[in-house]
Amino acid sequence: MIATYTVTGMTCGHCVNAVKEEVSAVPGVTAVELELEDGRLAVHSDTAVDFDRIVEAVYEAGEQYSVA
């Protein structure tokens, strides 16, 4: 299963790495792809992952980031 979101507020590779690290730690997430240019976040999992958990993880990566 792949869920796609848009992350805003990222400005560099460090931002991307921080978000990927936090989202990867969400239970059930098996892989994360994130593109700085358009903010596309693809979350791979075996089962559905609660959107609120993804929002929480992105916020933990940096308060300036948001996800939709």
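This is a short talk on one sheet and one helix in the structure above. Keep in mind that the model is predicted.

I'll start with the sheet. The sheet is open and has four strands, in the order β2-β3-β1-β4, and the pairing is antiparallel. Which strands are at the edges? Those are β2, residues 29-34, and β4, residues 66-67, each of which pairs on one side only.

Now the pair that matters for the rest of this talk. Strand β3 covers residues 40-45, and five bridges join β2 to β3, the two running antiparallel. If you want one position to look at, take A31, whose bridge partner in β3 is H44.

Next, the helix. Helix α1, residues 13-24, lies across β2 and β3. The angle between α1 and β2 is about 165°.

A check on the geometry of α1. With 12 residues at 1.5 Å a residue, α1 should span 16 Å, and the C-alpha atoms at its ends are 16 Å apart, so the two values agree.

Which residues of α1 are buried? They are C15, V16, A18, V19 and V23. Viewed down the axis of α1, these buried residues fall within an arc of 165°, and therefore they line one face of the helix. What do they pack against? The buried residues of α1 pack against β2, β3 and a second helix, α2, at residues 51-61. On the other side of α1, the exposed residues are H14, N17 and E21.

To recap: α1 lies across β2 and β3, and its buried residues pack against those two strands and α2. That's it from me.

Technical notes. Residues numbered from 1 in each chain as written. Predicted model: local features only at pLDDT ≥ 70, side-chain atom pairs only at ≥ 80, totals over all residues. Heavy atoms only, no water. Pairing = 2+ DSSP bridges. Contact = heavy atoms within 4.5 Å. Axes fitted to C-alpha atoms, helices over the stretch in contact; angles between N-to-C directions. Expected span 1.5 Å × (residues − 1). Buried < 20%, exposed > 50% of the residue type's maximum accessible area, 1.4 Å probe, protein only. Arc of directions from axis to C-beta.
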